[in-house]
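Open the model in your viewer and show it as a cartoon with side chains available. The tour moves from one selection to the next.

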Amino acid sequence: MNEPTLETMMDAMRDELVRVRTRAIAINLVSADLLKRGYYVYRQVMPDEMHHLLAIRDDDACVYRIRVLIHEPVHGMDDLLPGEILAVVLNDVIDYQPGLPG
């Protein structure tokens, strides 16, 4: 079995850094959008890859768990959990699935 070269390891690290940076930007975009819609937004200190944000509104008794995706949802991997909303961010456009009240 061939050992990975330094170049392939550096390429993998760069790809991972791009993915992490892109997701962080997407989470911040969703947070700003939710704040603009009148929600209080709480970000987990240590996101568990399942839920990145919690959103609450004064006129609503619900706490919404928001999972942010930077790709189209993949059936079987990104299925909705009960009480969850997906925020799919593609090209700086946010699509809430299912729709978000307000």
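Select strand β3, residues 63-69. Five of its seven residues are buried, so β3 is largely enclosed by the rest of the structure. Buried here means under 20% relative accessible area, with exposed over 50% and partly exposed in between (1.4 Å probe, protein chains only). Strands and helices are DSSP runs numbered from the N terminus: E of at least two residues for strands, H or I of at least four for helices.

This is a predicted model: local features need pLDDT of at least 70, side-chain atom pairs count only at pLDDT 80 or more, and totals for chains, interfaces and linings use all residues. Residues are numbered from 1 along each chain as its sequence is written, and side-chain values use heavy atoms, leaving out hydrogens and water.

Add strand β2, residues 53-56. β2 and β3 pair in the antiparallel sense over four bridges; strands pair if DSSP finds at least two bridges between them. Six residues separate the two strands of this hairpin. Find L54, which stands opposite R65 in β3.

Now add strand β4, residues 84-90. β3 and β4 run parallel, joined by five bridges. Here L69 stands opposite V88.

Next, pick Y64 in β3 and Y39 in the loop between α1 (6-36) and β1 (40-43). What kind of aromatic pair do Y39 and Y64 form? The pair is edge-to-face, 6.0 Å centre to centre, with 80 degrees between the planes. Rings of Phe, Tyr and Trp (its six-membered ring) pair if their centres lie within 6.5 Å; planes under 30 degrees apart count as stacked, over 60 as edge-to-face and the rest as tilted. The two residues are 25 apart in the chain. Y39 is buried at 2% relative accessibility, and Y64 is buried at 12%.

Stay on Y39 and show R57. The charged end of R57 sits over the Y39 ring, 5.1 Å from its centre. The criterion is NZ of Lys or CZ of Arg within 6 Å of the ring centre and within 35 degrees of the ring normal.

Move to helix α1 and select D33. D33 is buried, at 15% relative accessible area. It touches I94 and Y96, not counting residues up to four places away in sequence; contact means heavy atoms within 4.5 Å.

Finish on V30. With the same sequence exclusion, V30 touches L53, I66, V68, A87, V89, I94 and Y96.
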